[in-house]
Amino acid sequence: MDPKLLTRFKEFYTLETFQVAYYQEQINASTDEYYCYAFEKMAQIESGHVAFFAEELDKANVELPVIKGSVFNLAGTFLGDVVRSTGSHNTCKLGVALENKAIETYQAFIHECIDKKYSILRRNLMEYRLDEEFHSLWLQSYMKSHPN
């Protein structure tokens with residue numbers, strides 16, 4: 001398999017895993033049932049993305065990027081604590097930043113996979129980009145209806 005493709009799979013595996021950790025932390029920190037449910041849905045969808053990239057790396061006999069569990073969870077918790085201390089508005093603002101980074105990265109990857117042999121991969125990437133866009137839109141909407 002193309003080494004550049006494998007590098008991209010690793011990049012997305014790491015990015016999506018971080019999003020899952022961040023969203024899980026928001027679920028653990030809030031008592032707002034609707035807010036928690038939204039973050040559960042986002043974490044569930046992002047977990048599906050993680051699984052896809054993990055499977056692709058596994059098919060290529062490439063070890064998954066090592067993400068130190070406690071360090072990674074600590075980063076998610078730290079970010080969650082910092083943002084949470086300033087309210088759900090800022091939690092959503094950081095979530096939008098994460099989603100926008102994912103959207104931008106997916107778009108670049110979609111463009112790189114223009115070759116017809118990657119048509120199925122492109123379709124998956126477009127689906128995942130749409131998921132990221134929907135998450136960003138929900139977060140922006142929540143921020144508007146829950147200012148500071």
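A salt bridge is a side-chain nitrogen of Lys or Arg within 4 Å of a carboxyl oxygen of Asp or Glu. The legends below describe a predicted model, in which local features need pLDDT of at least 70, side-chain atom pairs count only at pLDDT 80 or more, and totals for chains, interfaces and linings use all residues. Residues are numbered from 1 along each chain as its sequence is written, and side-chain values use heavy atoms, with hydrogens and water left out.

**View 1. Lysine 59 and glutamate 56 form a salt bridge.** The closest N and O atoms of this pair are 3.1 Å apart. Both residues lie in helix 2, 3 residues apart, which is about one turn of the helix. Helices (H or I, at least four residues) and strands (E, at least two) are DSSP runs, numbered from the N terminus. Lysine 59 counts as exposed at 54% relative accessibility, whereas glutamate 56 is buried, with a relative accessible area of 13%. Here buried means under 20% relative accessible area, exposed means over 50%, and partly exposed is in between (1.4 Å probe, protein chains only).

**View 2. Glutamate 104 and lysine 101 form a salt bridge in helix 4.** Their closest N and O atoms are 3.9 Å apart. The two residues are 3 residues apart, about one turn of the helix. Glutamate 104 is exposed at 52% relative accessibility, and lysine 101 is partly exposed at 42%.

**View 3. Arginine 129 and glutamate 133 form a salt bridge.** The closest N and O atoms lie 2.8 Å apart. The residues are separated by about one helical turn, because they are 4 residues apart in helix 5. Arginine 129 is partly exposed at 23% relative accessibility, and glutamate 133 is partly exposed with a relative accessible area of 23%. Elsewhere, Arg8, Glu11 and Glu112 are joined into one network by salt bridges that share partners. A search of the whole structure finds 6 salt bridges.

**View 4. Tyrosine 23 and phenylalanine 39 form one of the 17 aromatic pairs found in the whole structure.** Rings of Phe, Tyr and Trp (its six-membered ring) pair if their centres lie within 6.5 Å; planes under 30 degrees apart count as stacked, over 60 as edge-to-face and the rest as tilted. This pair is tilted, with 5.4 Å centre to centre and 55° between the planes. Tyrosine 23 lies in helix 1 (residues 3-29) and phenylalanine 39 in helix 2 (residues 33-59), so the pair ties together parts that are 16 residues apart in sequence. Both residues are buried.

**View 5. Phenylalanine 52 and tyrosine 128 pair edge-to-face.** The ring centres are 5.5 Å apart and the planes are at 75°, so the pair is edge-to-face. Phenylalanine 52 in helix 2 and tyrosine 128 in helix 5 (residues 119-145) are 76 residues apart, and the pair links these distant parts of the chain. Phenylalanine 52 is buried at 13% relative accessible area, and tyrosine 128 is buried at 9%. Both belong to a cluster linked by ring pairs, with Phe9, Phe12, Phe53, Tyr106 and Phe109.

**View 6. The largest nonpolar core has 21 residues.** A nonpolar core is a set of buried Ala, Val, Leu, Ile, Met, Phe, Trp, Tyr and Cys residues joined through side-chain atoms within 4.5 Å. The residues with the most contacts inside the largest core are Phe9, Phe53, Phe109, Leu121 and Leu125. Helix 1, helix 2, helix 4 (88-112) and helix 5 each give two or more residues to this core. Helix 1 provides the largest share, 7 residues. A second, separate core has 16 residues, among them Ile27, Cys92, Val96 and Tyr142.
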